[in-house]
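Me: I'm new to this structure and would like a close look at a single part: the salt bridges. Could you walk me through them?

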Amino acid sequence: MEEFAGRTAIVTGAGSGMGKAFALRWGAEGMNVVIGDIQQDALDTTAAELSAAGVPVAALRTDVSKLADIEALADAAEERFGKIHLVNNNAGVEGYLDGPIWEATAKDWDWTLSVNLMSVIYGIRTFVPRMIAHGEPGHVVNTCSMTSVIAATNMYGICKHAILAMTEVLAQDLQRAGANIGATGLCPGIIATNLFHGSRNRPAALTNESGAMSTSGASIRETMHAALSKGMPPSEVAGLLVTAVRENKQYLLTDHEWDTRIIARHEAIMAGAVGPANTGALDAEGVR
C-alpha cells in the first residue's frame, strides 16, 4: 500500500500514546480515520484534534476484548467512509505483573489475553475479509513489542510473542490467497506512552476479589512508566510506520537498543539443537 490519500484507516487504542499518534499521522497523510478506545474522554480528545485538523473522522467507544465491539467499529467505518484499507490493531495493556506466572488467576489471564491477544485475533477476523472483498491495496499493522523478539519475562511478553507469530501467519496466508494486502508486526522499544497505567481501565468483572495489585506489581508499573516517559515520542514511531507500510515491511523494530537481547535469545535457542546438522530445506508446510 503506497498511496494513502482518500483511503480509510482504523486505529484501536487511539485515545493516547502510539494509537493517537498513528491516528493523527494517517490523517496528515490524507486518510479518513476511524478510531476506537475504551476510555471515552481520551477518545473524544483525539477525535476533536483530528476534526480541528480537517481530518474526516469517526469515533466509537470500543472494548477491543469484545468481538461485537470490533465488528461495530468496522460497521461504523464502512457506513461512514465505505471501504477499509488500513488497520492498526494497536490497543493493549501491561497486564499481569503481580507475581510469578503460576500465581496468576483466571481473571488475570482473561484480562491480559483478551485485551492484548484476542483483540488482534478479532481484528484480523473482522477487518481482513472485508479488505479482501473490495480488492484494493491494504495493510494490517499489529502492534507487537520488542518483547516479542527477546526471551519473554511476563504475561505481556507471552501475548506479544503470539501476536508476532500471528502476523507472520497472516502475511503468509495473504500471500497465498493473492490478496493485495500487506502485514507488519510493529515492535516498538521504549516509547513514551501510558502502557503501564493500563490497569486504570481494567473491568470490574475481570478484577480479582482483593481489588488491589500487589506491592511489587505497583512498583514495577511505576518504574516502567517512568522509564517509558523518557522514551521515543509516539509521533516518531508513526513516521517510521508510514515508511514500513509503504515499503511493505513485515517487521518494524523501532531501534537497535535491544539487539543484544534479541541475539542472545536466538543463540540460546540454537544451543538447544541436538543431533547431526541437516541442510535439507523445509517448505512452507514444514515438509522436506
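Reply: Let's start with a term: buried means under 20% relative accessible area, exposed means over 50%, and partly exposed is in between (1.4 Å probe, protein chains only). At 29% relative accessibility, arginine 25 therefore counts as partly exposed.

A quick word on what you're looking at. This is a predicted model, where local features need pLDDT of at least 70, side-chain atom pairs count only at pLDDT 80 or more, and totals for chains, interfaces and linings use all residues. Residues are numbered from 1 along each chain as its sequence is written, and side-chain values use heavy atoms, with hydrogens and water left out.

Now the salt bridges themselves. The term stands for a side-chain nitrogen of Lys or Arg within 4 Å of a carboxyl oxygen of Asp or Glu. Counted that way, there are eight salt bridges here.

One of them pairs lysine 20 with glutamate 49, and their closest N and O atoms are 2.8 Å apart. This pair ties together distant parts of the chain: lysine 20 sits in helix H1 (residues 17–28), glutamate 49 in helix H2 (residues 40–52), and their positions lie 29 residues apart in the numbering, counted as 29 residues apart. Helices, by the way, are DSSP runs (H or I, at least four residues), while strands (E) have at least two, and both are numbered from the N terminus. How covered are the two partners? Lysine 20 has 19% relative accessibility, so it counts as buried. Glutamate 49 is partly exposed, because its relative accessible area is 35%.

Next, look at aspartate 173 and arginine 176, whose side chains meet in a salt bridge (2.9 Å, N to O). Because they are three residues apart in helix H5 (residues 155–176), about one helical turn separates aspartate 173 from arginine 176. Aspartate 173 is partly exposed, with a relative accessible area of 40%, and arginine 176 is partly exposed too, at 47%.

Elsewhere, Arg25, Glu29 and Arg246 are joined into one network by salt bridges that share partners. Within that network, glutamate 29 forms a salt bridge with arginine 25, and the closest N and O atoms are 3.1 Å apart.
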